[in-house]
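Let's take a walk through this protein together, starting in its interior and working outwards. Keep the structure open beside you as you read.

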Amino acid sequence: MDVEAIPLAQRPDTAFRRLYRTDSGLFVIDDLGNAEVLGQMADAAALRYDRSGRLAVMKALNHGVYRVGVHAIGQGLIAMSKDCILHAYDDELKPFLETTLADAPEITALRNRFEIPTLRELKNRIRSVALSQEATRYIFTAVDEAWCIDVQGNVLWGVRLPFKEGWGRIVALGEELGTSDDIDRALALMGLTLPLGAC
């Protein structure tokens, strides 16, 4: 069987490595800023293929991409940068929302409750972002909370997951993550301590 190679000019750019299916096609994201889009390099880039597989839109983004959310039968996408700013786009990659999660009262209260001092630590604790089917609301989850907010900034609901018998906290209030008992035992077995020096 003869297999014909795809011509180089028609091959997908491998910098676009994250794929998200929506009702209007497929969003593909370059989250590392490795793609050249329309003659420019950017912190990140996005493109969308329509349902027939044709390239519909491509755009360089002026922010990095740390978390991404889409609705599988909806339209548009939402992305959070490493500095905890949410950016939402429609199907044509036109922005319609930008908000700083770190300034949200819900996140401020959570940062105080868990003593999260830096944006670097905060971004790791914001677990997911998502966009509603009609792109009028977004959800974010952080530590043990989930919040739904409309695009005008109104809180629609929030919930804190209950602590139940048999569960173990990953992070105690006001504590930083430490090493697990397994890691401590392995280090002791090898006669090592943290931080490890260069070999």
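Which residues touch the most other members of the largest nonpolar core? They are Ile126, Tyr138 and Phe140, in a core of 23 residues. A nonpolar core here is a set of buried Ala, Val, Leu, Ile, Met, Phe, Trp, Tyr and Cys residues joined through side-chain atoms within 4.5 Å. Buried stands for under 20% relative accessible area, exposed for over 50%, and partly exposed for what lies in between (1.4 Å probe, protein chains only).

Before going on, please note that this is a predicted model: local features need pLDDT of at least 70, side-chain atom pairs count only at pLDDT 80 or more, and totals for chains, interfaces and linings use all residues. Residues are numbered from 1 along each chain as its sequence is written, and side-chain values use heavy atoms, with hydrogens and water left out.

Now for the overall picture. The protein chain has 3 helices and 14 strands; helices (H or I, at least four residues) and strands (E, at least two) are DSSP runs, numbered from the N terminus. Of its 199 residues, 36% count as buried. The accessible surface of the chain is about 12,500 Å², and carbon and sulfur atoms account for 53% of that; these areas come from the Shrake-Rupley method with a 1.4 Å probe, and for residues only the protein chains shown count as cover.

Back to the core. At least two of its residues come from each of β8 (77-80), β9 (85-89), α1, β11, β12 and β13. Tyr138 shows how such parts meet: leaving aside residues up to four places away in sequence, its contacts include Ile78, Leu86, Leu97, Ala130, Trp147 and Ile149. Contact means heavy atoms within 4.5 Å. Apart from this core lies another, of 13 residues, with Tyr20, Ala44, Val65 and Ala79 among them.

Next comes a sheet. Strands of a sheet pair through backbone hydrogen bonds, either parallel or antiparallel. One open sheet has 4 strands in the order β11-β12-β13-β14, with antiparallel pairing; two strands pair if DSSP finds at least two bridges between them. β11 and β14 stand at the edges with a single partner strand each, so one side of each has no neighbour in the sheet. On average, neighbouring strands here are turned by 10 degrees against each other, direction ignored. Axes are lines fitted to C-alpha atoms, for helices over the stretch in contact, and angles run from 0 to 180 degrees between N-to-C directions.

Look closely at β13 (145-150). Are its residues buried or exposed? In this strand, 6 of 6 residues are buried. Glu145, Trp147 and Ile149 point one way, while Ala146, Cys148 and Asp150 point the other way. Towards β12, β13 is joined by 6 bridges, and Ala142 has Glu145 as its bridge partner. These two strands form a hairpin with 2 residues between them, and Val143 in the turn has a positive phi of about 50 degrees. Towards β14, there are 5 bridges, with Cys148 partnering Trp157 and Trp147 partnering Gly158. The hairpin of β13 and β14 has 4 residues between the strands, and Gly153 takes a positive phi near 95 degrees.

Helix α1 lies across β11, β12, β13 and β14, running at about 165 degrees to β13. This helix spans residues 105-114, and its buried residues are Glu106, Ile107, Leu110, Arg111 and Phe114. They sit on the same side of α1 because they cover an arc of only 135 degrees around the axis, the arc being that of the directions from the helix axis to the C-beta atoms. The cover over these buried residues includes α2 (119-125) as well as β11 (126-131) and β12 (137-142). On the face turned away from the buried side you will find the exposed residues Pro105 and Asn112. After α1 comes Glu115, with a positive phi near 50 degrees.

Finally, turn to another open sheet of 4 strands, in the order β1-β2-β5-β6 and with antiparallel pairing. Its edge strands are β1 (18-22) and β6 (55-61), each pairing on one side only. Neighbouring strands in this sheet are turned by 15 degrees against each other on average, direction ignored. Between them, β2 (25-30) and β5 (44-49) are joined by 5 bridges, and Ile29 has Ala46 of β5 as its bridge partner.
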